[in-house]
Amino acid sequence: MSLFKTYAGLSRDIYYLCLARTINSTGDFVFSLITLVLTLQMGMNVVSAGIFVSMAALISGPGVLLGGYLSDLMGKKTIIVIGQLLSAILIISCSFWSGTITVGYLLIAVMFFISITRPAYNALIIQLCTEEKERKSAFSLMYLGANLGIAIGPLIAGFFIKDHVNIVFISIGTVFLISTFIIINQVKIGTRKELASTNSEHAGQQEQQRLSQPPSPLFRLLLKNPLVAFFIVVSFLNYFIYMQYSFSLPLQMNHSFGENGAAYYGSVMTINAISVIILTTVILSATRKLTALNSIATGALFYGIGFGSLNLLGTFPHFSIVALSTVLWTIGEILVQTNINLYIASRVPDTHQGRFNGLLLFVGCLGYTLSPYLTGIFIKSMDMESVWIIILAVSLLYALSMIILWYIEKSSTRRNEMKPLDHSKSI
C-alpha cells in the first residue's frame with residue numbers, strides 16, 4: 001500500500017478527472033466494436049469491415065488536431081464535455097439502426113469525437129497540476145485507470161455483443177454520460193491555478209481574455225521551440241514500435257505455434273494487462289527522480305530488449321520467451337507512455353498545450369497507420385524472426401535520440417546558468 005502513496009497529494013480535481021477517464025475507457029473500444037458488429041451481426045466480410053476500421057483510424061488524425069486547437073480556443077473541459085456528449089448520443093442512436101450499415105458510419109463518427117477529447121484530457125491534466133512531480137503522478141494514474149477500464153469493458157461486452165448488441169450500445173453511451181457528468185460537476189478549472197498564482201484575484205479575468213483571443217499560430221511556436229518539434233517528430237518511432245504488439249506479434253504467434261497461435265496471443269494480452277496493473281505504480285515510484293527524457297530512453301531500451309528477444313523464437317520456439325518478452329516491452333510501454341506528455345508540459349505555454357498534445361497524438365496516428373504497412377514490407381523481404389532485429393535497432397535509435405536531446409538541453413542549461421528558465425528544466 002505504501003506504493004500507492006505515490007498518488008497521494010494530488011488535487012481533488014485530478015482524482016475525479018482520472019475517475020472519469022477510467023469509467024469512460026470501459027466503453028472505449030470502438031475499433032474492436034466496429035469489427036465485431038459488422039462481422040458478427042451483419043455478416044460482412046473481413047475486407048469490407050477492415051475498410052470501416054481504416055476509415056475510423058484515418059479520421060482520428062484530424063480529430064486530435066481539431067481537438068487540440070479547439071481546447072486552446074474554447075477550453076479543455078468544454079471540449080471534453082462536448083466530445084463525450086456527442087459520442088454518447090451517437091453510440092446510443094446505434095441501437096435504433098441496429099443491423100444496418102448506418103451503424104458502421106455512426107461508429108466512425110464516434111471515433112472522431114472520442115479523438116477530439118484526447119488532447120484536451122492531456123492538456124487539462126497539465127493545467128490542473130502546478131508541480132512537475134504532480135504531473136508525473138497524474139499521468140501515471142490516468143494511464144493506470146485507462147488500462148483498467150480498457151481491460152474490463154471489452155470483457156463484459158463480450159458476453160452480450162453477439163445476441164444483445166443494443167445493450168452494448170446503450171451501456172457504452174451511458175458510461176460516456178456518467179463520465180461526462182463527473183467532469184461537469186466535480187472537475188473545477190482554475191482552482192489550482194488561483195492558489196499557485198500571486199495574482200489569483202485576476203486569474204478568472206485573464207482566462208476569459210485568453211479564450212476571447214484567437215490562439216497564435218502553432219507553426220511559429222514550433223520554430224521557436226526546435227527541440228520540442230524534434231521531440232514530437234522523433235516520437236513517431238515510439239508509436240511505430242508500440243504498434244508491433246497488435247500487428248507483428250500475432251503474426252509471430254501464428255508462425256511459431258501454428259493453430260495455437262491465437263490462444264497464445266490472447267495469453268500475451270493477458271500478461272500485458274496484468275503487468276500494467278501491477279507494475280505501473282512500482283515503476284513510477286522507482287523512476288520518480290528520472291527526467292522525462294531519461295525515462296523515455298530507458299523505456300525505449302526495454303522496448304528493444306523485449307521485442308528483440310522474440311528473435312530467439314526462430315531457434316527456441318517456447319512460450320516462456322514470449323512471456324518474458326511481454327513483461328519487458330510492457331515495462332517499456334509504461335515508462336514511455338506515462339512520460340511522453342511530460343516533456344511538452346514543461347516547455348509549452350498553457351495557451352498552446354492543447355495543440356501541441358494534439359500534434360503529438362497526430363504523429364501517433366501516423367505511426368499506428370504506417371507501422372503495419374512498413375513492417376509488412378520487412379516481413380515479406382525477410383523471415384519473420386529477423387523483423388524483431390529491425391525493431392530492436394529502431395528502439396535503440398529512439399533511445400539514442402532521447403539521450404541526445406537530453407544532452408543538448410543539459411548543455412544549454414549550463415550555458416545559461418546565470419539566467420535559468422523554468423521551462424528549460426527537465427522533468
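At 14% relative accessibility, Phe257 counts as buried, and this residue offers a way into the predicted model described here. A search of the whole structure finds 12 aromatic pairs, and in one of them the rings of Phe257 and Phe319 have centres 6.5 Å apart and planes at 65°, so this pair is edge-to-face. Because Phe257 belongs to helix α12 (residues 248–257) and Phe319 to helix α15 (residues 319–337), the pair ties together parts that are 62 residues apart in sequence.

**Rings and charges**

- Ring pairs also link Tyr242, Tyr245, Tyr303, Phe307, Trp329 and Trp388, which together form a cluster.
- A charge meets a ring elsewhere in the model, where the charged end of Arg21 sits over the ring of Tyr121, at 5.6 Å from the centre of that ring.

**Cysteines**

- The count of disulfides comes to zero, and Cys129 shows how this can be, because its sulfur is 8.3 Å from the closest cysteine sulfur, in Cys18, which is too far for a bond.
- Cys129 counts as buried at 3% relative accessibility, and Cys365 also counts as buried, at 15% relative accessibility.

**Helix α15 and a residue that touches Val327**

- The 19 residues of α15 should span 27 Å at 1.5 Å a residue, and this agrees with the 26 Å that separates its end C-alpha atoms.
- Because 14 of the 19 residues of α15 are buried, this helix is largely enclosed by the rest of the structure.
- Ser275 is placed in helix α13 (residues 261–286) and is buried, with a relative accessible area of 8%.
- When residues up to four places away in sequence are not counted, Ser275 touches Thr280, Val327, Thr330 and Ile334.

**Helix α7**

- For the 22 residues of α7, a rise of 1.5 Å a residue gives an expected span of 32 Å, which agrees with the 32 Å between its end C-alpha atoms.
- The buried residues of α7 include Val165, Phe169, Ile172, Phe176 and Ile183, whereas Ile178, which lies in this helix (residues 165–186), counts as partly exposed at 40% relative accessibility.
- Ile178 and Asn24 are 154 residues apart along the chain, and their C-alpha atoms are separated by 8.0 Å.

**Helix α3**

- Leu70 has its place in helix α3 (residues 46–74), and, not counting residues up to four places away in sequence, Leu70 touches Gly75 and Ile79.
- The C-alpha atoms of Leu70 and Thr117 are separated by 9.9 Å, while the two residues are 47 residues apart along the chain.

**Nonpolar cores**

- In soluble globular proteins, nonpolar side chains tend to be buried together.
- The largest nonpolar core in this model has 57 residues, and those with the most contacts inside it are Ile14, Leu17, Leu33, Leu107, Ile125, Phe169 and Ile183.
- Among the elements that give two or more residues to this core are α1 (12–25), α2 (30–41), α6 (132–157) and α7, while α5 gives the most, with 16 residues.
- Ile14 is in contact with Ile125, Leu128, Cys129 and Ala138, leaving aside its neighbours within four places in sequence.
- A second, separate core of 46 residues includes Val234, Leu237, Ile296 and Ile340.

Methods:
Residues numbered from 1 in each chain as written. Predicted model: local features only at pLDDT ≥ 70, side-chain atom pairs only at ≥ 80, totals over all residues. Heavy atoms only, no water. Phe/Tyr/Trp six-rings, centres within 6.5 Å; stacked < 30°, edge-to-face > 60°. Helix = DSSP H or I, 4+ residues; strand = E, 2+ residues; numbered from the N terminus. Buried < 20%, exposed > 50% of the residue type's maximum accessible area, 1.4 Å probe, protein only. Lys NZ or Arg CZ within 6 Å of the ring centre and 35° of its normal. Disulfide = S-S within 2.5 Å. Expected span 1.5 Å × (residues − 1). Contact = heavy atoms within 4.5 Å. Core = buried A, V, L, I, M, F, W, Y, C linked by side-chain atoms within 4.5 Å.
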